[in-house]
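Please open the model in your viewer and keep the sequence panel beside it, since this tour moves from one selection to the next.

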Amino acid sequence: MKNPLIKVPLKYGTIGAFVMIVLFIVIYLLGDNPLFAENVIDKVLLALFLFSAIREFRDVHNGKIMFFWEGMTVGFFCYIVIASIVGLFTWMFLEYYDCNLLADFVTNALKSADSEKAETIKDVGQESYDEMIRSISATSTIKISFEAFLQKTVFGLLFTIILSMILRTKPKN
């Protein structure tokens with residue numbers, strides 16, 4: 001594959017997904033539930049890999065010139081690769097390796113919701129609280145995996161827009 005608009009984000013997307021999967025496994029092996037613990041670190045890693053991909057495309061493959069649309073294209077492919085691989089891994093891990101991890105996640109989420117019940121009911125009402133409890137109880141591996149995919153996609157889009165604006169350069173006439 002010779003097109004750097006595809007080659008660079010595939011490289012950084014694959015490496016980024018691998019790093020996030022390793023982080024997931026390390027958190028799991030340390031005895032924590034990675035479904036709770038990975039959010040902040042994931043966002044930092046996502047931003048780092050998007051920055052690296054967009055910057056490499058601009059500086060190495062495009063003669064230090066990059067239009068906004070090029071940054072958006074590189075970023076899009078990069079975060080889609082990361083989100084897809086990590087989402088698929090999360091589903092496979094929860095479905096085939098440790099089914100109890102999801103049950104632990106649901107139990108802890110229900111305990112957390114119960115501890116803040118009075119406050120939540122006061123803020124959003126009993127009906128919304130009951131719907132939240134039903135939603136937590138109905139959490140499935142596919143839902144968790146899709147949420148991981150969606151979260152990385154949304155934050156990837158936001159980071160890509162910002163980075164594409166910051167890193168864009170115009171040719172000197």
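A salt bridge is taken here as a side-chain nitrogen of Lys or Arg lying within 4 Å of a carboxyl oxygen of Asp or Glu. In this predicted model, the structure holds five salt bridges.

Begin by selecting E56 and K11, whose side chains form one of these salt bridges, with the closest N and O atoms 2.9 Å apart. The pair ties together distant parts of the chain, as E56 belongs to helix 3 and K11 to helix 1 (residues 4–29), with their positions 45 residues apart in sequence. Showing the surface helps to compare the two partners: E56 has a relative accessible area of 15% and is therefore buried, because buried means under 20%, whereas K11, at 37%, counts as partly exposed.

Stay on helix 3 and select D59 together with R55, which meet in a salt bridge with an N to O distance of 3.4 Å. These two residues are four apart in helix 3, so about one helical turn separates them. Both ends of this bridge are partly exposed, D59 with a relative accessible area of 22% and R55 with 41%.

Next, go to helix 7 and select E131 and R134, which form a salt bridge whose closest N and O atoms are 3.1 Å apart. Here the partners are three residues apart in helix 7, which again means a separation of about one helical turn. E131 is partly exposed at 44% relative accessibility, and R134 is likewise partly exposed at 48%. Then add R58 to your earlier selection of R55 and D59, because salt bridges that share partners join R55, R58 and D59 into one network.

Now turn to the largest pocket, which has a volume of about 250 Å³. Of the 15 residues that line this pocket, select L35, F105, I144, E147 and A148, which are the closest to its centre. Colouring by element then shows where the lining comes from: helix 3 (39–61), helix 7 (126–137) and helix 8 (141–167) each give two or more residues, and helix 8 supplies the largest share, with six. By class, the lining is made up of five nonpolar, five polar and five charged residues.

Finish on helix 8 by selecting T160, which is found in that helix. Is T160 buried or exposed? Its relative accessibility is 0%, so T160 counts as buried. Leaving aside residues up to four places away in sequence, display its contacts, and you will find L50, G71, M72, G75, F76 and Y79 touching T160.

Definitions and conventions. Residues numbered from 1 in each chain as written. Predicted model: local features only at pLDDT ≥ 70, side-chain atom pairs only at ≥ 80, totals over all residues. Heavy atoms only, no water. 1 Å grid on protein atoms, 1.4 Å probe; cavity = no way out; pocket = protein on both sides within 12 Å on 5 of 7 lines; lining within 4 Å. Points joined across faces, edges and corners; volume = space filled by probe spheres on them. Nonpolar A, V, L, I, M, F, W, Y, C, P; charged D, E, K, R; others polar. Buried < 20%, exposed > 50% of the residue type's maximum accessible area, 1.4 Å probe, protein only. Contact = heavy atoms within 4.5 Å.
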